[in-house]
Amino acid sequence: MEKILEGKRVAVLVETEYIPKEIAFYKSFFESRGAVVDFLTYLWDEEEREIISDVTEKEDVPQTMKVTMEIADVNPNDYDFVLCAANYVACRLREIPPMGSLGSADEVRSPAAVQFMANAMKNPRIVKGMLCHALWILTPVPELLRGRKVICHTVVLADVLNAGGIYVPEPMHAVVDKDLVTARSAEDLDIYGEKLLEAYKALSKHSETD
C-alpha cells in the first residue's frame with residue numbers, strides 16, 4: 001500500500017452508539033496509507049472514557065472502545081481530515097452541557113463538538129467527512145450546510161434540507177463537494193473512503209498551484 005498520507009492526521013469524532021466496523025475501517029484505511037488517526041469524544045473531566053457501540057440484529061453484544069482525547073482540547077486545524085462517525089454519534093455530541101439540562105435556543109451552537117466541526121468547516125484545507133447521520137453535527141450552525149451538496153441517511157434528510165443543504169441522491173451513495181465528503185450509510189464505507197482520498201488529492205493539487 002502506497003503511503004500517500006504519510007505524516008497526515010485524521011480526527012474522528014465518536015460517541016456511544018458508534019458502529020464498530022466503521023471505526024475499524026478508519027483505522028485500517030488511513031493507517032495503511034501512512035496517516036495517524038485520533039478518536040475524540042467528551043471525557044467529562046476524566047483521563048479516558050469507555051464508550052459502547054450500537055447493537056444490530058447481526059451483533060447482539062455491544063463492543064466498547066476507550067477514548068483518551070477530549071474534543072474541547074483539540075484544534076481541528078491541526079488535522080488534514082476531520083470526520084464525524086455515523087449512527088447516533090452526532091446526536092449525542094450535540095447535547096448541550098451539562099448533560100440532562102433543559103438547555104436553551106441560545107446554546108445550540110455551544111457544544112464543543114459542534115464548535116470543533118464548525119471551525120473545521122471554515123478551513124477549506126481540511127477534508128471533512130460526514131457519514132449517514134453525521135450531518136446532524138452541522139445543523140446547529142445551518143449556514144455551514146447552506147448551498148452544500150450532500151447525501152445522507154433519510155432520517156437526517158429533513159434537517160439537512162431545513163439547514164439549506166442540497167440533497168444529491170447519487171446512485172453511488174457518496175458525494176464530494178470540494179472539501180466536504182458525505183455518504184449515505186456505513187454500508188458505503190468503501191466508496192466513502194475512495195471519495196475522501198479523491199477530495200484530499202484535489203485539494204492538495206489545488207494548493208500546489210496557488
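Here are a few friendly notes to help you find your way around this predicted model.

1. Let's start with the overall build. The chain contains 5 helices and 11 strands. Its radius of gyration is 16 Å, close to the 17 Å that the globule rule gives for 210 residues, so the chain is as compact as a globular protein of that length.

2. On outer dimensions, picture a box set along the principal axes: the C-alpha atoms of the chain fill roughly 50 × 35 × 35 Å.

3. Next, a look at what is inside and what is outside. Of the 210 residues in the chain, 50% are buried. The area that the chain exposes comes to about 10400 Å², with carbon and sulfur atoms supplying 50% of that area.

4. The contacts are worth a moment too. Taking contacts between residues at least 6 apart in sequence, 68% join residues at least 24 apart.

5. Now for a pocket to look up in the viewer. Rolling a probe the size of a water molecule over the atoms shows where empty space is left. The second largest pocket has a volume of about 300 Å³. Its lining is made of 15 residues, and those closest to the centre are Pro124, Arg125, Leu203, Ser204 and Ser207.

6. Which helix gives the largest share of the lining of this second largest pocket? That is helix α5, spanning residues 189-209, which contributes 7 residues.

7. Finally, the chemistry of that lining: the residues of the second largest pocket divide into 6 nonpolar, 6 charged and 3 polar. When you open the structure, helix α5 is a good place to begin, as the source of 7 residues of this lining.

Methods: Residues numbered from 1 in each chain as written. Predicted model: local features only at pLDDT ≥ 70, side-chain atom pairs only at ≥ 80, totals over all residues. Heavy atoms only, no water. 1 Å grid on protein atoms, 1.4 Å probe; cavity = no way out; pocket = protein on both sides within 12 Å on 5 of 7 lines; lining within 4 Å. Points joined across faces, edges and corners; volume = space filled by probe spheres on them. Helix = DSSP H or I, 4+ residues; strand = E, 2+ residues; numbered from the N terminus. Nonpolar A, V, L, I, M, F, W, Y, C, P; charged D, E, K, R; others polar. Rg over C-alpha atoms; globule rule 2.2 N^0.38 Å. Buried < 20%, exposed > 50% of the residue type's maximum accessible area, 1.4 Å probe, protein only. Contact = heavy atoms within 4.5 Å. Areas by Shrake-Rupley, 256 points an atom, 1.4 Å probe, with all protein chains shown as cover.
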